[in-house]
Amino acid sequence: MSLSLKPANLKRYRDLLMLFYKYGHGDLVKNAPVIDDPLPYVSTPPVPIEARELASDVEKLGPTYIKLAQLLSTRSDFVPQGYMDALSRLQDHVEPFSFEQVQAIVSMEVGARLSKAFSEFDPEPIAAASLGQVHRAVLRSGQHVVVKVQRPDARQNVAEDLDAMAELAAFLEAHTEMGRRYGLVQIVEELRKSLLRELDYRLEATNLTLMREHLAGFEHILIPAPVEDYSTGRVLTMEHVTGQKITKFSPLIRVDIDGDALAEELFQAYLHQILVVGVFHADPHPGNIFLTDDHRIALLDLGMVGRMGRNMQALLLKLLLGISEGNGDQAAKVAESMGEPFEDYDSLAFKRNIADLVSQHRTANLNDLQIGRVVLEVQRIAGDCHLRVPPEFTLLGKTLLNLDLVGRTLAPAFDPNESVRRNAAKIMHEQALKSFSSGNLFGLVLEAKEFLEKLPSRLNQLMDLLSANKMRIKVDTFNENLIVTTLQKIANRITLGLILASLIVGAALLMRVETSFRVFGYPGLAMLLFFLAAGGGLVLAWQIVRNDRSEH
């Protein structure tokens with residue numbers, strides 16, 4: 001495995017290696033979790049100064065490195081807790097690109113000049129990031145919208161960054177124990193999939209439409225509607241949401257809103273997404289959640305979504321109930337059934353550590369209750385005990401971790417455990433109704449139709465076999481004759497061995513009896529017994545070797 005010598009890639013290697021050299025000797029490495037470490041307490045520790053500096057340096061390197069850091073922030077098996085907090089809340093802030101480039105991109109993607117498509121288009125962006133920037137605009141119909149425009153060089157830069165990371169990850173995984181242990185190639189591949197999805201704004205528009213449909217029953221949850229005619233792979237147009245970030249509203253606004261009700265409905269909405277719908281907003285950090293002017297919660301930036309299968313939804317509900325009820329045995333059993341054990345998996349240590357974790361979570365004070373943190377701790381314990389959990393589990397932990405922060409911002413006394421218990425019955429009811437949806441029922445009807453169509457012919461075949469006495473039942477069992485024969489051989493050999501041993505013992509005793517008959521100067525009868533025992537031993541050895549070879 002050799003690394004590329006392209007100058008652009010060499011610069012990227014230098015950036016990555018400089019980061020590792022700068023932070024590879026500090027707390028990031030020294031305090032990384034290892035298998036023999038005691039179980040850490042689940043409350044939130046203070047973020048180290050070095051972690052904040054690392055986050056700042058990563059932000060300067062661009063979107064690919066920011067997404068890589070956010071992905072690593074979910075790997076609690078080798079990233080210390082303080083660094084996880086700093087990296088999971090990374091935001092990229094860069095200078096906006098020129099309005100002339102915005103005009104060119106929008107005109108090319110929409111298929112019309114900017115002045116034709118929009119009656120107003122603010123040249124100053126309201127937000128700028130390394131993948132794109134957002135402008136206010138007004139459609140010809142009078143609708144106020146925001147337009148998200150991708151940077152001209154975003155795709156090329158991301159592709160080059162990913163190529164360099166893939167080469168370096170493959171090199172490290174092939175030549176270092178650290179690379180093999182943490183699966184660096186898989187991490188980069190997950191990063192590639194995530195970034196390519198975020199670079200296609202059509203997927204985000206689809207996610208917006210899907211979430212609006214599934215969350216329509218939540219009165220205080222708002223998802224901006226996309227404008228499909230003005231949305232393409234590089235331009236996303238959606239309705240304008242007026243409000244402010246959830247973390248920046250003033251104390252006066254807190255008095256005007258019902259924070260407890262908003263936090264409860266937001267948590268309900270995410271439980272509904274994860275455990276009923278199977279598709280959920282996977283990046284609910286405070287920057288993507290707005291409090292609107294009419295005191296509703298708006299979910300923005302749906303470029304990253306997670307997906308859950310039906311079996312995984314049932315297991316996750318059991319796990320969350322086990323954690324919220326303080327039932328460590330149930331939580332450990334469910335988590336074990338969700339994972340894939342390695343050869344050296346330690347089941348007893350896993351169950352013991354999960355029980356300790358759930359017990360700590362149960363007895364923690366209200367300010368330390370973070371169900372997302374507990375889910376990530378379950379993942380860390382699984383890694384330490386050599387149990388591989390599915391990728392959905394990691395994404396769920398990160399989502400709930402951010403959701404804990406947003407819930408505490410809205411209502412400092414919000415209890416996620418109590419919310420899980422309150423909504424468990426409703427979620428199970430919704431899961432049952434979903435299983436009896438028209439699509440599932442149609443599938444059951446088709447299977448029943450196929451069964452009824454083939455039932456008469458199969459019954460006729462069965463009756464014909466019975467009437468002709470041709471019914472045969474095949475049973476796989478042991479060959480009794482072979483077992484008996486083998487036991488007889490063993491008994492015969494043991495008996496012959498005892499006879500030979502008695503001959504040798506008798507010969508040894510006769511050696512002390514003086515007789516006139518001698519062989520080679522020794523008592524003759526004793527020597528005859530020795531010769532007989534030696535001959536019998538050779539014959540027995542020859543038979544054993546011959547029979548074993550013939551059977552083989």
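Helices in this account are DSSP runs of H or I with at least four residues, numbered from the N terminus. By that rule, Leu172 belongs to helix H8, which covers residues 154-175. The model is predicted. A search of the whole structure finds two cavities of 30 Å³ or more and 10 salt bridges. The points below take up the cavities, the charged pairs, a nonpolar surface patch, two contacts between residues separated in sequence, and two unusual backbone angles.

**Internal cavities**

- Rolling a probe the size of a water molecule over the atoms reveals where empty space remains.
- The largest cavity has a volume of about 70 Å³.
- Its lining consists of Phe218, Gln268, Leu271, His272, Asn423, Lys426, Ile427 and Glu430.
- Helix H13 (259-277) and helix H19 (416-435) each contribute at least two residues to the lining of the largest cavity, and H19 provides the largest share, with four residues.
- Sorted by class, the lining of the largest cavity comprises three nonpolar, three polar and two charged residues.
- The second largest cavity holds about 30 Å³ of space.
- Lys67, Glu198, Asp283, Asp301, Gly303 and Met304 line the second largest cavity.
- In the lining of the second largest cavity, four residues are charged, one is polar and one is nonpolar.

**Salt bridges**

- Side chains of opposite charge can pair when their charged atoms come close.
- Arg422 forms a salt bridge with Glu264, and the closest N and O atoms of the pair are 2.4 Å apart.
- Because Arg422 lies in helix H19 and Glu264 in helix H13, this pair ties together parts that are 158 residues apart in sequence.
- The two partners are covered as follows: Arg422 is partly exposed, at 44% relative accessibility, whereas Glu264 is buried, at 13%.
- Lys351 forms a salt bridge with Glu336, with 3.8 Å between the closest N and O atoms.
- Lys351 is in helix H16 (residues 347-363) and Glu336 in helix H15 (residues 328-338), so the pair ties together parts that are 15 residues apart in sequence.
- Lys351 counts as partly exposed, at 37% relative accessibility.
- Lys454 and Glu450 meet through their side chains in a salt bridge, at 3.3 Å from N to O.
- Both Lys454 and Glu450 lie in helix H20, four residues apart, which is about one turn of the helix.
- Lys454 is partly exposed, with a relative accessible area of 35%, and Glu450 is partly exposed, with 42%.
- A network of salt bridges links Lys148, Glu204 and Asp301.

**Nonpolar surface patch**

- Phe451, Leu452, Leu455, Leu459, Leu462, Met463, Leu465, Leu466 and Met471 make a nonpolar surface patch of about 810 Å².
- One of these residues, Leu459, is found in helix H20, which spans residues 438-467.
- Leu459 is partly exposed, with a relative accessible area of 46%; residues enter such a patch with over 30% relative accessible area and no salt bridge.

**Contacts across the sequence**

- Leu215 is placed in the loop between helix H11 (201-214) and strand S5 (221-222).
- With a relative accessible area of 3%, Leu215 is buried, the cut-off for that class being under 20%.
- Leu215 and Ala269 are 54 residues apart in sequence, and their C-alpha atoms are 6.9 Å apart in space.
- Leu172, in helix H8, is partly exposed, with a relative accessible area of 25%.
- Leu172 and Val185 are 13 residues apart along the chain, and 8.9 Å separates their C-alpha atoms.

**Backbone angles**

- Most residues other than glycine have a negative phi.
- His295, although not a glycine, has a positive phi of about 65°.
- His295 is located in the loop between strand S9 (289-292) and strand S10 (297-299), and His295 is partly exposed, with a relative accessible area of 30%.
- Asp301 is not a glycine either, and has a positive phi of about 55°.
- The position of Asp301 is in the loop between S10 and strand S11 (305-307), where Asp301 counts as partly exposed at 26% relative accessibility.
- Asp301 thus appears under several topics: Asp301 is one of the residues lining the second largest cavity, and Asp301 is linked with Lys148 and Glu204 in a network of salt bridges.

Technical notes: Residues numbered from 1 in each chain as written. Predicted model: local features only at pLDDT ≥ 70, side-chain atom pairs only at ≥ 80, totals over all residues. Heavy atoms only, no water. 1 Å grid on protein atoms, 1.4 Å probe; cavity = no way out; pocket = protein on both sides within 12 Å on 5 of 7 lines; lining within 4 Å. Points joined across faces, edges and corners; volume = space filled by probe spheres on them. Nonpolar A, V, L, I, M, F, W, Y, C, P; charged D, E, K, R; others polar. Patch = residues over 30% accessible without salt bridge, like charges linked within 9 Å, V, L, I, M, F, W, Y side chains within 5 Å. Areas by Shrake-Rupley, 256 points an atom, 1.4 Å probe, with all protein chains shown as cover. Salt bridge = Lys/Arg side-chain N within 4 Å of Asp/Glu carboxyl O. Buried < 20%, exposed > 50% of the residue type's maximum accessible area, 1.4 Å probe, protein only.
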